[in-house]
Structure formats: structure tokens, C-alpha cells
Amino acid sequence: MKPGDIVKQTEKTDKNHDILGIIIDVNELPDWVTSKKSAWAHITRRTVTVMWSNGKIDKTVSESKLEVVVKSN
């Protein structure tokens, strides 16, 4: 997953019904998280900043909760 990819959430929620978004930034988890909370870090992997098609920007979306629909070049 990288900036420019178009994504959708893998889990359906009441707020987001098949809303698409574009990855703006990918953030590695801090070392203190990966060393002390390794199980949580394994599930979360990296966090990404997503701008959704409704204009909302989420800065801490778990990469594991997103599915790439269209890969950027």
C-alpha cells in the first residue's frame, strides 16, 4: 500500500458504505509500539492517512482494515 492507491474499508460500518478513498501518507508504527505491544502491532501493521470520497481525512487508519481497489503507478 502506497500513496496514490485507491482503497475501500474491508469492514462494513454504518458510516461508510463502500466509500472509496485515496492514500495520502503511510506511517510506520513507532518503535515503542512494535517492541512493547507486538501483538497489537502485528494486527495493525502500519497506519495510513486516507482522504475519503466524501472529503473527510482520517489520519490513523489501520492498513489491515483497508483493501486496495486501484494501485497507483
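Strands, as named in these legends, are DSSP runs (E) of at least two residues, numbered from the N terminus. The model shown in every view is predicted.

**View 1. The open sheet and the order of its strands.** The sheet contains 5 strands, arranged in the order β4-β3-β2-β1-β5, and its pairing is antiparallel. Strands β4 (57–62) and β5 (66–70) occupy the edges, where each has a single partner strand, so one side of each is left without a neighbour in the sheet. From one strand to the next, the twist averages 45°. Strands of a sheet pair through backbone hydrogen bonds, and the sense may be parallel or antiparallel.

**View 2. The pairing of β1 with β2.** Strand β1 covers residues 6–9 and strand β2 covers residues 20–27. The two strands run in the antiparallel sense and are joined over 3 bridges. Within this view, V7 is found opposite G21 of β2.

**View 3. The pairing of β2 with β3.** An antiparallel pairing over 6 bridges links β2 to β3. Two facing positions may be located here: D25 stands opposite T49 in β3, and I23 has V50 of β3 as its bridge partner.

**View 4. M51 and a nonpolar patch on the surface.** Residue M51 belongs to strand β3, which spans residues 47–52. Together with I22, I24 and I57, M51 makes a nonpolar surface patch of about 310 Å². The relative accessibility of M51 is 37%, and M51 therefore counts as partly exposed, since that class lies between the limits of 20% for buried and 50% for exposed residues.

**View 5. S53 in the loop between β3 and β4.** The loop that connects β3 and β4 includes S53. Because its relative accessibility is 58%, S53 counts as exposed; the cut-off for that class is over 50%. Leaving aside residues up to four places away in sequence, S53 touches I19, L20 and G21. Of these contacts, the one with G21 joins residues that are 32 residues apart in sequence, while their C-alpha atoms are 5.5 Å apart in space. G21 also appears in View 2, as the residue of β2 that stands opposite V7.

Terms used
Residues numbered from 1 in each chain as written. Predicted model: local features only at pLDDT ≥ 70, side-chain atom pairs only at ≥ 80, totals over all residues. Heavy atoms only, no water. Patch = residues over 30% accessible without salt bridge, like charges linked within 9 Å, V, L, I, M, F, W, Y side chains within 5 Å. Areas by Shrake-Rupley, 256 points an atom, 1.4 Å probe, with all protein chains shown as cover. Salt bridge = Lys/Arg side-chain N within 4 Å of Asp/Glu carboxyl O. Helix = DSSP H or I, 4+ residues; strand = E, 2+ residues; numbered from the N terminus. Buried < 20%, exposed > 50% of the residue type's maximum accessible area, 1.4 Å probe, protein only. Pairing = 2+ DSSP bridges. Axes fitted to C-alpha atoms, helices over the stretch in contact; angles between N-to-C directions. Contact = heavy atoms within 4.5 Å.
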